[in-house]
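Dear colleague,

Please find below the structure that I am handing over to you. My findings follow it.

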Amino acid sequence: MNVDGVVAVMTGGASGIGFGVAQALAKRGAKVVLADIEAERALAAAETLRDQGLEATSCYLDVIDQASWDATADLAFGHWDQAPQLLFNNAGVAGPGTVHGVSRQTWAWVFKVNVEGVYLGVKTFAPRMLDSGLPCRIVNTASEHALGLPDSAKGGISAAYTSAKHAVMGYSLCARRDFAGTNLSVGVVCPGPVATDIWNSFRNRHGDFGGPRLLVVEGEVPMSRSLPFATAGERIVEQVEDDAFFIFTNGPNEAEVIETYQAEVTAAMAAFRQRYGV
Ligand SMILES: NC(=O)c1ccc[n+]([C@@H]2O[C@H](COP(=O)([O-])OP(=O)(O)OC[C@H]3O[C@@H](n4cnc5c(N)ncnc54)[C@H](O)[C@@H]3O)[C@@H](O)[C@H]2O)c1
């Protein structure tokens with residue numbers, strides 16, 4: 001997809017990977033809407049892009065709130081008087097806890113933002129994108145956690161996050177099937193470790209789920225060994241330009257996760273066939 005001149009909406013665009021992708025898009029001539037629950041940070045981020053001579057605006061968006069999705073869509077269609085052709089469902093949060101130790105609040109919040117947030121984005125934008133008749137693309141952010149179970153997560157601290165990202169992958173596969181043959185295509189980003197504020201996700205936890213807290217999740221991959229978000233952004237945009245469905249950032253991390261998973265499934269299927277002869 002040629003991104004030059006298109007309007008692109010980025011959820012979670014105020015920081016991290018979302019900002020990196022938005023910057024890479026804007027450098028290629030896209031007009032970007034940074035939509036984020038951290039509205040002031042999004043405002044400053046858009047200003048940073050405009051200072052570089054790029055086209056950007058920002059708005060408040062809470063991905064679990066339909067009214068703010070409607071307002072974001074109105075802004076995205078109205079600001080440049082041009083239908084958006086790209087939606088990045090990038091906003092996401094992480095929360096700690098083993099499969100039995102994770103609190104119901106954390107479980108519910110992580111699924112609400114990471115999974116329902118993506119669904120609401122598609123529900124809001126897909127009908128209008130289909131109506132526009134323009135070549136459009138929705139790119140959902142899953143994770144290397146959607147490809148199996150990363151080594152970094154084997155301490156069992158991210159049961160809700162890993163499970164939610166598998167759901168984003170399943171939903172993205174369904175979206176690709178459901179929009180096949182239309183003007184709307186789909187991609188799914190599976191980042192490996194990228195240096196961002198993800199480990200401090202509780203800063204944005206909603207009141208209904210316990211409210212904000214300063215909690216940096218320990219035990220995951222140290223940020224110092226992670227990819228800079230600007231590099232991740234460039235790589236993601238290059239793969240969007242190639243119309244890729246599966247989009248990666250790091251390479252070795254994602255390969256290790258999926259190869260381990262595939263080897264286990266292949267071995268289990270071979271054992272099953274041998275036993276039942278089917
Ligand atoms: N950083 C990594 O190593 C990594 C790896 C795999 C996947 N991811 C995924 O990448 C995406 C971006 O995360 P990041 O690493 O850049 O983290 P980040 O915390 O730097 O950025 C996330 C952004 O989402 C926003 N946000 C949070 N809740 C929101 C809500 N309810 N509504 C709207 N905006 C909201 C935050 O304000 C923030 O700007 C997430 O989906 C994350 O799960 C990150």
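In which sense do strand 5 and strand 6 pair, and over how many bridges? Strand 5 (residues 136-141) pairs with strand 6 in the parallel sense, over six bridges; two strands pair if DSSP finds at least two bridges between them. Strands here are DSSP runs (E, at least two residues), and helices are runs of H or I with at least four, numbered from the N terminus.

This is a predicted model, in which local features need pLDDT of at least 70 and side-chain atom pairs pLDDT 80 or more, while totals for chains, interfaces and linings use all residues. Residues are numbered from 1 along each chain as its sequence is written, and side-chain values use heavy atoms, leaving out hydrogens and water.

Within the first pairing, Val139 stands opposite Gly187 of strand 6. Strand 6 also pairs with strand 9 (residues 246-248), in the parallel sense over three bridges, and there Val188 stands opposite Phe246. Six of the seven residues of strand 6 (residues 184-190) are buried, so this strand is largely enclosed by the rest of the structure. Buried means under 20% relative accessible area, exposed over 50%, and partly exposed in between (1.4 Å probe, protein chains only).

Met269 lies in helix 7 (residues 252-276) and is partly exposed, with a relative accessible area of 40%.

The ligand has polar contacts (pairs of N or O atoms within 3.5 Å). One of its oxygen atoms is 2.6 Å from a side-chain N or O atom of Tyr161, and an oxygen atom of the ligand is 3.0 Å from such an atom of Lys165.

Yours sincerely

Definitions and conventions
A polar contact is a pair of N or O atoms within 3.5 Å; within protein, one must be able to donate a hydrogen and the other to accept it, and residues adjacent in sequence count only if both atoms are side-chain atoms.
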